[in-house]
Amino acid sequence: DMLERQSVRQTMLATKGFAYSINDAYINGDQAVIADQFEGLNKIVSNLSSAQTVGASEIDISSTATDTTNMLAVERMMDAHTFVEGSKPDAAFCNISFARQFRKIVLREKLLGTTHDWVANTFESTDPRVTERTSSTTPAFVFDNVPYYIIGKKYDQSTEIIGNAYAEGGSSAATRIFLVKFGPEDLEGIQAGPLDVVDIGILESKDNLRKRLKWTLGLACWGPRSVVKVAGIKVA
């Protein structure tokens, strides 16, 4: 019984670690770097029109930002929203540094959305952030009626999936924000088969159970305006 309970626990932890890896691939996946990894949002948007990458100059909203600079960041995000299909993203993904700084701005400018009950109605469509925590399906904040999600850390639990040091968008150290439209004509998660956990058995050298997690999955971008990347915003 003890071995069985430990086995269940280890499977849960392995699945959770796998979910963090999927989160990372969802943003940073690049088959040119890792051949058996699916293409993530950053790679997908690089194959779309240049209009799907918004930001050609640096906007610094770190601790020294002025009110004018803060409003430039708001305007850039609103412009980015319009470049998504229907001019209304279903979700935005960012890191915690951007969420902290931008939330302060939209709160001060009374632009923070508070009309939807995200506790009762969580994000259910193609949720890339489920890691056995209900809170992962609720946004950090809502702006222009778009929920913004903190994508979090990689499986090592120390490295941010979206960093703060990208040399792009007119900056040498900026973050990225991804806006997406989900649906059968926009962005969809695809799979060759459901997640499968296979029991390999007890190792010969010690009483450890080995399991294999198998899942062939990816992202399909059907529309030319399904994904937008915001570049050039410095947050740290």
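A biologist and a modeller talk through a predicted model of one protein chain.

Biologist: What are the ground rules here?

Modeller: Residues are numbered from 1 along each chain as its sequence is written, and side-chain values use heavy atoms, with hydrogens and water left out. The model is predicted, so local features need pLDDT of at least 70 and side-chain atom pairs count only at pLDDT 80 or more, while totals for chains, interfaces and linings use all residues.

Biologist: How do you know what confidence the predictor has in the chain?

Modeller: From pLDDT, the predictor's confidence in each residue, from 0 to 100. The protein chain averages 87, and 86% of the residues score at least 70. Over residues 125–134, though, the pLDDT is below 50, even if that stretch has 26 contacts in the model beyond near neighbours in sequence. A contact means heavy atoms within 4.5 Å. Where pLDDT is low, the predicted coordinates should not be read in detail.

Biologist: How many helices and strands are there?

Modeller: Four helices and eleven strands. They are DSSP runs numbered from the N terminus: helices are H or I with at least four residues, strands are E with at least two.

Biologist: Why is Glu 168 called buried?

Modeller: Buried means under 20% relative accessible area, exposed means over 50%, and partly exposed is in between (1.4 Å probe, protein chains only). Glu 168 has 17% relative accessibility, so it counts as buried. Across the chain, buried residues make up 41% of the 236 residues.

Biologist: Where is Glu 168, and what does it touch?

Modeller: Glu 168 is in the loop between strand S5 (146–150) and strand S6 (175–180). Leaving aside residues up to four places away in sequence, Glu 168 touches Ala 174, Arg 176, Lys 229, Ala 231 and Gly 232.

Biologist: What makes the Glu 168 and Arg 176 pair a polar contact?

Modeller: A polar contact is a pair of N or O atoms within 3.5 Å; within protein, one must be able to donate a hydrogen and the other to accept it, and residues adjacent in sequence count only if both atoms are side-chain atoms. The side chains of Glu 168 and Arg 176 are joined at 2.6 Å.

Biologist: Why is Asp 30 with Lys 43 called a salt bridge?

Modeller: The rule asks for a side-chain nitrogen of Lys or Arg within 4 Å of a carboxyl oxygen of Asp or Glu. For Asp 30 and Lys 43, the closest N and O atoms are 3.0 Å apart, so by that rule the pair is a salt bridge. The two are 13 residues apart, with Asp 30 in the loop between helix H1 (2–28) and helix H2 (41–46), and Lys 43 in helix H2. Asp 30 is buried at 19% relative accessibility, whereas Lys 43 is partly exposed at 23%. Asp 30, Glu 39 and Lys 43 are linked in a network of salt bridges.

Biologist: How do you know that Arg 225 and Glu 85 make the cut?

Modeller: Their closest N and O atoms are 3.8 Å apart, and the limit is 4 Å, so they form a salt bridge. This pair links distant parts of the chain, 140 residues apart: Arg 225 is in the loop between S10 and strand S11 (227–234), and Glu 85 is in the loop between helix H3 (67–82) and strand S3 (91–94). Both count as partly exposed, Arg 225 at 27% and Glu 85 at 32%.

Biologist: How many salt bridges does the rule give?

Modeller: The count comes to nine. Lys 153 and Glu 160 are one such pair, at 3.0 Å from N to O.

Biologist: Why is Trp 222 called exposed?

Modeller: Its relative accessibility is 53%, and exposed starts over 50%, so Trp 222 counts as exposed. Trp 222 is found in the loop between S10 and S11. Its side chain also makes a polar contact with the side chain of Glu 188, at 2.9 Å.

Biologist: And what makes Ser 87 stand out?

Modeller: Its phi is near 55°, a positive value in a residue other than glycine. Most residues other than glycine have a negative phi. Ser 87 is found in the loop between H3 and S3. Asp 144 likewise has a phi near 55°, and Asp 144 is in the loop between strand S4 (141–143) and S5.
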